[in-house]
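Please open the structure in a viewer and keep a selection panel at hand. The tour below proceeds stop by stop, giving what to select and what is found there.

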Amino acid sequence: MSQAETPRPTPSWALPPDPRRWWGLVVIAIAQLMVVLDATIVNIALPSAQQDLGMSDANRQWVITAYMLAFGGLLLLGGRIADLAGRKRTFMVGLVGFAAASGLGGAAMGPGLLFGARALQGAFGALLAPSALSLLTTTFTIGKERSKAFGIYGAIAGGGAAIGLIAGGLLTQYLTWRWCLYVNIPVAIIALAGASLFLRDTRERGSARLDIPGVLLGGGGLVAIVYGCSEARPRGWGDGEVVGWLVGGVVLLAFFGWWQTRARYPLLPLHIVRDRNRGGAFLTMALAVIALFGMFLFMTYYFQTVLGYSPVRAGLAFLPMTAAIVVGATQLSARLLHRLAPRLLMVPGALLAAAGLHTLTYLTARPAYVEHVLPAEILVGLGMGLIFMPVMATATSGVAPQDSGVTSATVNTAQQVGGSIGTALLNTIATSTTATYIAAHLTDAARRTGGHGISPALRGEIVRDGVVDGFTAALGVSSAIMLLAALTAGLMITVGAPKPPVRAPSPRTSDARP
């Protein structure tokens, strides 16, 4: 080496594996679980919070919507900040902010403060979620370790929403709705301590800057679409304001895509989404979540309003599905991904989930948990465990370290926007089907009674059957959407099974003489 030469720093991908990486995975898993379950843990607590704080029926949706808007709209920004400022640093800031916002919401004495705290939770969650996935991506890069790590992460991504329903029921019934927010504080403290000890930042230093126009266009478009979907539930898809928000969101995202081709430091480099396999993974994720969130919504109402379950019993009724997701992700996907092409897991997984959702279309107002609900939950859980893990692994595979944060944010964005669209679309189908059923059957019952009036018992039976008919119609659409996810994965994702790592020959072998 000449005197003018200086040794180059070892790139992050060439560093030896961190011996503490599995403890780091525990930390990442804890933080991701907190973010995922917080999207649903408040749902069961909402009636109690509404009564305690005097919220109107029209305003109560903002407890959910404020979180969704901030989280979905700021994910791309959070991912790029993780790339520029460092993933570990962004992860820790997200934890502190999320805990503080949770404490503020738990102590709220009025609706306005609770809405604001939920928006802050969403904003810090948008920092936390992409940095967690990008830390996982850069820590576990090859072989069985990567499959195992993504299996655990996929189980959390798929089962976190169900765990949130269980936790929300337990906390609301035995403590108070405020603990659905307070519980995040000790969890965040544990994760923060673990992050400082076990996580290693591997960001690549560079001269990139934040794309402010991209932030405004991309974030604004996502907020408009998520808000339009949330308003479609009470207003309907044909409402002028809803159409305006949705069209405005699409226009902003179109301008965002145009700007990304010209920006010097794009917020979302378009080569990330132009890749066929990665784009297929994003679309498969969105479609699967549309169908899955519909199931969570309708089954929660079915358990509590039709079958009369308590919040705790309703939450516990989701346990078999949560267990099936864990088994599918950690015992099936994690063991097979390093041997099989990803679509050979995604397609069967989506078909299993579609079969489970179709099973729920046979529900009636009479209790049928063992006959219909339990088999459906097991099928859907196993299917989602087979989908989530390879989708995330495929979406983040082969990405340059400096783009890992924004790629992870795009995965989360597909999940968030899919959930918003699914909840609004399927709820509209359910309510319109229910209204049609009730109107037709009440008219028929009135004709049969000859104008003598319909008894309260008969009216209640018709309403209950109408609600279930709406649920089953929407779940049938969910099943069709899951079949579309299977078709998307089968046609778009063409990457093969991972190649085994090439091991360098040992010095003794290389020095041997024939």
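In this predicted model, begin with helix 2, which supplies the largest share of the lining of the largest cavity, namely 3 residues. Helix 2 spans 41-53, and helix 7 (179-182) also gives two or more residues to that lining. To display the whole wall, select Val42, Ala45, Ala49, Val63, Leu114, Trp177, Cys180 and Leu181. The space they line has a volume of about 40 Å³. What is the class make-up of this lining, by nonpolar, polar and charged residues? There are 8 nonpolar residues, no polar residues and no charged residues.

A search of the whole structure for cavities of 30 Å³ or more returns 2. For the second largest cavity, select Gly73, Leu74, Leu76, Leu77, Val215, Gly219 and Leu267. Its volume is about 30 Å³. Helix 3 (62-85) and helix 9 each contribute at least two residues to the lining, and helix 3 provides the largest share, with 4 residues. By class, this lining has 5 nonpolar and 2 polar residues, and no charged ones.

**Alanine 66**

Remain on helix 3 and select alanine 66, which lies within that helix. Is alanine 66 buried or exposed? The relative accessibility of alanine 66 is 9%, so it counts as buried. Leaving aside residues up to four places away in sequence, alanine 66 touches Phe115, Arg118 and Ala119. A distance label between the C-alpha atoms of alanine 66 and glycine 116 should read 7.4 Å, although the two residues are 50 residues apart along the chain.

**The aromatic pairs**

Next, colour the aromatic side chains; the whole structure holds 8 aromatic pairs. Select tyrosine 227 and tryptophan 245, whose ring centres are 4.8 Å apart. The planes of these two rings meet at 70°, and because an angle over 60 degrees counts as edge-to-face, the pair is classed that way. Tyrosine 227 belongs to helix 9 (residues 212-235) and tryptophan 245 to helix 10 (residues 240-260), so that the pair links distant parts of the chain, 18 residues apart. Tyrosine 227 is buried, at a relative accessible area of 12%, whereas tryptophan 245 is partly exposed, at 36%.

Then move to tryptophan 258 and tryptophan 259, an aromatic pair with a centre-to-centre distance of 6.4 Å. The angle between their planes is 50°, and the pair is tilted. Tryptophan 258 is partly exposed, with a relative accessible area of 44%. Tryptophan 259 is likewise partly exposed, at 25% relative accessibility.

For an aromatic group, select Tyr302, Phe303, Tyr309, Phe318 and Tyr369, which form one cluster. Keep Tyr309 highlighted and add arginine 313. Where does arginine 313 lie relative to tyrosine 309? Arginine 313 is placed over the face of the tyrosine 309 ring, 4.0 Å from the ring centre.

**Leucine 316 and serine 333**

Continue to leucine 316, in helix 13 (residues 311-316). Leucine 316 is partly exposed, with 39% relative accessibility. Draw a distance from its C-alpha atom to that of glycine 169: the separation is 8.4 Å, for residues 147 apart along the chain.

Serine 333 follows, in helix 14 (residues 319-336). How accessible is serine 333, in relative terms? The value for serine 333 is 0%, so this residue counts as buried. To see its surroundings, select Gly328, Leu345, Gly385, Leu386, Met389 and Pro390, which serine 333 touches when residues up to four places away in sequence are not counted.

**The whole chain**

Finally, clear the selections and switch to a cartoon view. The secondary structure amounts to 19 helices and 0 strands. Colouring by accessibility brings out the buried residues, which account for 52% of the 514 residues in the chain. A contact map provides a last view: among contacts between residues at least 6 apart in sequence, 85% join residues at least 24 apart.

Technical notes:
Residues are numbered from 1 along each chain as its sequence is written. This is a predicted model: local features need pLDDT of at least 70, side-chain atom pairs count only at pLDDT 80 or more; totals for chains, interfaces and linings use all residues. Side-chain values use heavy atoms; hydrogens and water are left out. Rings of Phe, Tyr and Trp (its six-membered ring) pair if their centres lie within 6.5 Å; planes under 30 degrees apart count as stacked, over 60 as edge-to-face and the rest as tilted. Buried means under 20% relative accessible area, exposed over 50%, partly exposed in between (1.4 Å probe, protein chains only). A charge sits over a ring if NZ of Lys or CZ of Arg is within 6 Å of the ring centre and within 35 degrees of the ring normal. On a 1 Å grid over the protein atoms alone, a cavity is a set of points where a 1.4 Å probe fits but cannot get out, and a pocket is an open set with protein on both sides within 12 Å along at least five of seven lines; lining residues have an atom within 4 Å of a point. Grid points are joined across faces, edges and corners, and a volume is the space filled by probe spheres set on the points. Ala, Val, Leu, Ile, Met, Phe, Trp, Tyr, Cys and Pro count as nonpolar, Asp, Glu, Lys and Arg as charged, and the others, Gly among them, as polar. Contact means heavy atoms within 4.5 Å.
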